[in-house]
Amino acid sequence: MNKKDYYQYINSSAWTDVKRKFKKTECEVCGIKDALHLHHLTYDNLGNETANDLATLCESCHMAAH
């Protein structure tokens, strides 16, 4: 998947549904409960993510992961 397709997906209702399904209520690294992002651990299943493909991270931990 190229960058354009990735960004279209991230801005889609399908991604909103994935976030609702898999996003946790606190950062899985530091435990902060605000400014949470859903981070892809792998892009192998993009569009068909499972819980093992994703991690809930606060903004700081998400930036550190990249």
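Is Asp17 buried, exposed or partly exposed? Good morning, everyone. Asp17 counts as partly exposed, at 45% relative accessibility. Please keep in mind that this is a predicted model.

Let's stay with Asp17 for a moment, since its partner is worth a look. Asp17 forms a salt bridge with Arg20, and the closest N and O atoms are 3.1 Å apart. Both residues belong to helix 2, which covers residues 13–22, and being three residues apart there, they are separated by about one helical turn. Arg20 itself is exposed, with a relative accessible area of 64%.

How many salt bridges does the structure hold? There are three. Another one brings together the side chains of Lys24 and Glu28, at 3.6 Å from N to O. Lys24 is partly exposed at 47%, and Glu28 is also in the partly exposed class, with 39% relative accessibility. Then we have Lys33 with Glu26, where the closest N and O atoms are 3.7 Å apart. Here Lys33 is exposed, with a relative accessible area of 59%, while Glu26 counts as partly exposed at 34%.

Now for the inside. Which residues make up the largest nonpolar core? It has seven members: Tyr9, Trp15, Val18, Phe22, Leu38, Leu46 and Leu54. Helix 2 gives the most to this core, with three residues. Apart from it lies another core, of six residues, and among them are Cys27, Ala55, Cys58 and Cys61.

Leu46, from the seven-residue core, is a nice one to click on. Leaving aside its neighbours within four places in sequence, Leu46 is in contact with Met1, Tyr6, Tyr9 and His40.

That takes us to His40, my favourite stop today. His40 is found in strand 1, residues 36–40. At 4% relative accessibility, His40 counts as buried. What does the side chain of His40 make a polar contact with? The partner is the side chain of Glu49, at a distance of 2.9 Å. If we again set aside neighbours within four places in sequence, His40 is in contact with Tyr6, Ile10, Trp15, Leu46, Glu49, Asp53 and Leu54. Two of those names, Trp15 and Leu54, may sound familiar from the seven-residue core.

Let's widen the view to the strand around His40. Four of the five residues of strand 1 are buried, so strand 1 is largely enclosed by the rest of the structure. Strand 1 is joined by five bridges to strand 2, residues 54–58, and the two run antiparallel. If you would like a pair to find on screen, Leu36 stands opposite Cys58 in strand 2.

Just before we leave this region, have a look at Ala35. Ala35 lies in the loop between helix 2 and strand 1. Most residues other than glycine have a negative phi. Ala35, however, has a positive phi of about 55°, although it is not a glycine. Ala35 is partly exposed, with a relative accessible area of 40%.

Ala35 also has a contact with Glu59. Not counting residues up to four places away in sequence, Glu59 touches Ala35 and His37. Glu59 sits in helix 3, residues 59–65, and counts as partly exposed at 44% relative accessibility. Glu59 and Ile32 are 27 residues apart in sequence, with a C-alpha to C-alpha distance of 9.5 Å.

Finally, the cysteines. How many disulfides does the count come to? The count is zero, with sulfur pairs required to be within 2.5 Å. Cys27 is in no disulfide, and the nearest cysteine sulfur, that of Cys61, is 3.7 Å away. Why is Cys61 not bonded to Cys58? The sulfur of Cys61 is 3.6 Å from the closest cysteine sulfur, in Cys58, and that is too far for a bond. As for their surroundings, Cys27 counts as buried at 2% relative accessibility, and Cys61 is likewise classed as buried, at 15%. Remember too that Cys27, Cys58 and Cys61 are among the members of the six-residue core.

To leave you with one picture: strand 1 is largely enclosed by the rest of the structure, and buried His40 has its polar contact with Glu49 there. Thanks for listening, and I'm happy to go back to any of these residues on screen.

Note on methods. Residues are numbered from 1 along each chain as its sequence is written. This is a predicted model: local features need pLDDT of at least 70, side-chain atom pairs count only at pLDDT 80 or more; totals for chains, interfaces and linings use all residues. Side-chain values use heavy atoms; hydrogens and water are left out. Buried means under 20% relative accessible area, exposed over 50%, partly exposed in between (1.4 Å probe, protein chains only). A salt bridge is a side-chain nitrogen of Lys or Arg within 4 Å of a carboxyl oxygen of Asp or Glu. A nonpolar core is a set of buried Ala, Val, Leu, Ile, Met, Phe, Trp, Tyr and Cys residues joined through side-chain atoms within 4.5 Å. Contact means heavy atoms within 4.5 Å. A polar contact is a pair of N or O atoms within 3.5 Å; within protein, one must be able to donate a hydrogen and the other to accept it, and residues adjacent in sequence count only if both atoms are side-chain atoms. Two strands pair if DSSP finds at least two bridges between them.
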